[in-house]
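Here are my notes on the side-chain interactions and the nonpolar core, set out as numbered points for you to check against the coordinates.

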Amino acid sequence: ARDPAAILAGQGAPADAAAATARPAPKAASAVATAFFVQAGAYARTEDAEAQRAKLALLGMDARITEREQAGRTVYRVRVGPFDAREPAEDTQGRLAGAGIEASLVRVER
């Protein structure tokens, strides 16, 4: 009677293996869930961040300001995006460079 139980226990292993093989799928989904932003500045004052956002608006870019606590101080980041792929973010970064605005590419896991 114990042999069939051992056989059934053996059948549980492939299910565990199937569960283990199912785990990489969420990792692949998280790789797809990467977003890219182009950061056009980080400022200590809201007014400076707003001025940069307005400058980007004149270039036809919709930028957002986000607050971040950094070393005990609030920093206001000006970012364009999100972009689902690196290439359009790099294109935007190039457009900003052409307009004399130094910007960096930021990759964020969603």
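1. The model is predicted, and the points below should be read with that in mind. Arg 110 and Asp 84 form a salt bridge, in which the closest N and O atoms are 2.9 Å apart. This pair links distant parts of the chain, since Arg 110 belongs to the segment after β4 (104-109) while Asp 84 lies in the loop between β3 (73-83) and α4 (86-98), 26 residues apart.

2. Are the two partners of that bridge buried or exposed? Arg 110 has a relative accessible area of 58% and is exposed, and Asp 84, at 63% relative accessibility, counts as exposed too. Both classes follow because the threshold for an exposed residue is over 50% relative accessible area.

3. A salt bridge also joins the side chains of Arg 86 and Glu 90, with an N to O distance of 3.0 Å. Both residues lie in helix α4, where they are four residues apart, about one turn of the helix. Arg 86 counts as partly exposed at 40% relative accessibility, and Glu 90 counts as partly exposed at 37%.

4. The side chains of Glu 109 and Arg 107 meet in a salt bridge with an N to O distance of 3.5 Å, a value to be read against the cut-off of 4 Å. Glu 109 is partly exposed, with a relative accessible area of 48%, whereas Arg 107 counts as exposed at 56%. The count for the model comes to five salt bridges, among them the pairs described in these points.

5. Turning to the rings, the count of aromatic pairs comes to zero. A charge does sit over a ring, however: the charged end of Arg 79 is placed over the ring of Phe 37, at 5.7 Å from its centre, and the distance limit for such an arrangement is 6 Å.

6. The largest nonpolar core has 15 residues, and those with the most contacts inside it are Val 38, Leu 56, Val 80, Phe 83 and Leu 96. The elements that contribute two or more residues to this core are β1 (34-43), α3 (46-58), β3 and α4, with the largest share, four residues, coming from β3.

7. Which residues does Phe 83 contact, leaving aside its neighbours within four places in sequence? Phe 83 is in contact with Thr 34, Ala 35, Phe 36, Val 38, Pro 88, Ala 89, Thr 92 and Arg 110. Two of the names in this list recur from earlier points: Val 38 is among the core residues with the most contacts, and Arg 110 forms the salt bridge with Asp 84.

Technical notes: Residues numbered from 1 in each chain as written. Predicted model: local features only at pLDDT ≥ 70, side-chain atom pairs only at ≥ 80, totals over all residues. Heavy atoms only, no water. Buried < 20%, exposed > 50% of the residue type's maximum accessible area, 1.4 Å probe, protein only. Phe/Tyr/Trp six-rings, centres within 6.5 Å; stacked < 30°, edge-to-face > 60°. Lys NZ or Arg CZ within 6 Å of the ring centre and 35° of its normal. Core = buried A, V, L, I, M, F, W, Y, C linked by side-chain atoms within 4.5 Å. Contact = heavy atoms within 4.5 Å.
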